[in-house]
Amino acid sequence: MRQSNNPLDPPPRGALDLEATIGPQALAEVCPRELSTIAELAQYSQLRVTAIAPPSEVRLALAGTNVQIGDVHFHDEIVSFRSPTVGAVIGPQWRYDRFLALTGNPASALDRLIADSDTGLGICVLAQTSVSPEALRRRRWGLSDVPGLFLRIRLVMVALDHYEQRPNCFIDKGLYLLLRRHNLFRSFTQAWTTLCAVSARGLLEDHLSSLGNRLKFICQAHDLAMIAALRTPGNSTEADCLYHINSLALLSTGALDDLAWLLHHFYPSSLHLQGITLRQGRRGESKLLRHIAVHNPHLSTLLAEPRLRNSIEGLFAIRDQLQHRDLPQVIGHAVGSGDRMFGLLLIPSTTLGLLRAATSDPIVPFQALPGFADHMMADPVWLADTILASTIHVVNAVLALLPWEPLLATLPLEARSACEASLQARLAHPPPGVAFPGGVLF
């Protein structure tokens, strides 16, 4: 990267220096696809991946890859491991013996020993069944499952401005955000490809372009909120986290407003500007949605579906709290004697209830705790993830049911076939990146 003389320009790309250690029970439970992904992940520059005491079949599958194998040793009442390039003490043998007596499984006992001992092994990927809630609260960044490993590596790349699309292939932040948007908002990719193919101009292009920009900024705000929430807690991290969650919520409801204007474009009405919204009014109805029911009953039914409706109303409720009412307080919550405290956000219970109903993921106790009066303490990681997931759900569902087919029908047959083939290839084969169940690294 060329060195700039402008002190406000970002410095040259920093080096990614990250270590991931995968416990034996996690290796025993890993699926073949995740295992191949871990092997591919180990090819990334300055990223060291070590597998501790893998089962024989996993050891065989990792042979010839960049994943280092660490063997466990018991010596002088100490449990340690050694690989060709690194070695570390895991913990005392008496503690391992205690975990072994509890589980009856040596691999699970080792995972629990790693979780219980902050040994400086980088990100420790462990079986969820082996990690106690207390250890997870104490070492929030350092303990993970396999999908969480990819999240943490991506966040480190973002924090260091070190975007490695595939091993030793670097891109800039702008292209990263485009790839991230493509992988999260697939229906937008389909809509934008169609728009470009027919060379549409005017309000349709304006509305879709506005939506596309907001979706990129949503990806960016989510990354920054997650980074602030997972950093070692402090005054600055709490302020940064609240700032970025505020941005994320405002951008998400802005994207929903863009969708409303797209609906108004495809199904024109004489509604007042304030009536062009996906949000239900005080009477529990929307004039825009009532108008759409006449022209696109399938879309109207979708917008009334409980989960999608809770997503929409929940996003607007959190926006109202952040923009029009008191900002949530950041509360330090003690999770146990000697454990760290991390910032929780005090959010109205009704707002959290809508967001909770919009997701199928259960909320574990440390993510949403009973507070006082009509408020609850919400984990900012869960809140940022839920805002993003709700936005993805609404945007992809609505865009997929808009009438793009008539636009394609205006193209000559050959051009239409070429557009459909290109779109099918883009959606079937996302841009290069590390793939894992549920998505890609970007």
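Buried here means under 20% relative accessible area, and that cut-off runs through the legends below. The model shown in these close-ups is a predicted one.

**Figure 1. A salt-bridge network around helix H14, with Glu 313 as one of its members.** With a relative accessible area of 14%, Glu 313 falls under the 20% cut-off, so this acidic residue is buried. Its partner in this view is Arg 279, and the closest N and O atoms of the two are 4.0 Å apart. Glu 313 sits in helix H14 (residues 306–324), while Arg 279 comes from the loop between H11 and helix H12 (287–295), so the salt bridge ties together parts that are 34 residues apart in sequence. Unlike buried Glu 313, Arg 279 is partly exposed, at 24% relative accessible area.

**Figure 2. Arg 319 and Asp 320, side by side in a salt bridge.** Here the N to O distance is 3.2 Å. Both ends of the pair are tucked away: Arg 319 is buried at 16% relative accessible area, and Asp 320 is buried too, at 10%. Zoom out a little and the pair turns out to belong to a network, in which salt bridges with shared partners join Arg 279, Arg 309, Glu 313, Arg 319 and Asp 320.

**Figure 3. Arg 214 and Asp 258 link helix H10 to helix H11.** As a reminder of what to look for, side chains of opposite charge can pair when their charged atoms come close. In this close-up the side chains of Arg 214 and Asp 258 meet in a salt bridge, 2.8 Å from N to O. The two residues are 44 apart along the chain, with Arg 214 in H10 and Asp 258 in H11 (residues 235–266), so the bridge connects distant parts of the chain. How buried or exposed are the two ends? Arg 214 is partly exposed, with 28% relative accessible area, whereas Asp 258 counts as buried at 7%. For the whole model, the salt-bridge count comes to eight.

**Figure 4. Helices H4 and H5 cross at an oblique angle.** Two packed helices are described by the angle between their axes and the distance between the axes. For H4 (residues 93–103) and H5 (residues 106–116), the axes come within 8 Å and cross at roughly 130 degrees. That angle is what makes H4 oblique to H5, and the crossing is right-handed. On the H4 side, the contact is made by Arg 95, Tyr 96, Phe 99, Leu 100, Leu 102 and Thr 103. Facing them from H5 are Pro 106, Ser 108, Ala 109, Leu 110, Arg 112, Leu 113 and Asp 116. By class, this contact has eight nonpolar, two polar and three charged residues.

**Figure 5. A closer look at Ser 108 in helix H5.** Which residues does Ser 108 touch, leaving out those up to four places away in sequence? They are Gln 25, Thr 103 and Ser 130. Ser 108 is buried, with a relative accessible area of 9%. Thr 103, one of those contacts, belongs to the H4 side of the view in the previous figure.

**Figure 6. Helix H7 packs against helix H10.** The axes of H7 (residues 146–159) and H10 (residues 203–230) are 10 Å apart, and the packing angle is about 105 degrees. At that angle, H7 is roughly perpendicular to H10. Leu 151, Arg 154, Leu 155, Val 158 and Ala 159 are the H7 residues in the contact. From H10 come His 222, Asp 223, Met 226, Ile 227 and Leu 230. Sorted by class, the set has seven nonpolar residues, one polar and two charged.

**Figure 7. Helices H8 and H9 meet, with Arg 180 also in view.** The axes of H8 (residues 173–184) and H9 (residues 186–197) come within 5 Å and cross at roughly 105 degrees. The two helices are therefore roughly perpendicular to each other. In the contact, Arg 181, His 182, Asn 183 and Leu 184 of H8 meet Arg 186, Phe 188 and Thr 189 of H9. That gives two nonpolar, three polar and two charged residues. Arg 180 is also found in H8, and at 7% relative accessibility it counts as buried. The C-alpha atom of Arg 180 is separated by 7.7 Å from that of Lys 216, a residue 36 places away along the chain.

Methods:
Residues are numbered from 1 along each chain as its sequence is written. This is a predicted model: local features need pLDDT of at least 70, side-chain atom pairs count only at pLDDT 80 or more; totals for chains, interfaces and linings use all residues. Side-chain values use heavy atoms; hydrogens and water are left out. Axes are lines fitted to C-alpha atoms, for helices over the stretch in contact, and angles run from 0 to 180 degrees between N-to-C directions. Helices (H or I, at least four residues) and strands (E, at least two) are DSSP runs, numbered from the N terminus. Angles under 35 degrees count as roughly parallel, over 145 as roughly antiparallel, 65 to 115 as roughly perpendicular and the rest as oblique. A crossing is left-handed if the near helix is turned anticlockwise from the far one by less than a right angle, and right-handed if clockwise. Contact means heavy atoms within 4.5 Å. Ala, Val, Leu, Ile, Met, Phe, Trp, Tyr, Cys and Pro count as nonpolar, Asp, Glu, Lys and Arg as charged, and the others, Gly among them, as polar. Buried means under 20% relative accessible area, exposed over 50%, partly exposed in between (1.4 Å probe, protein chains only).
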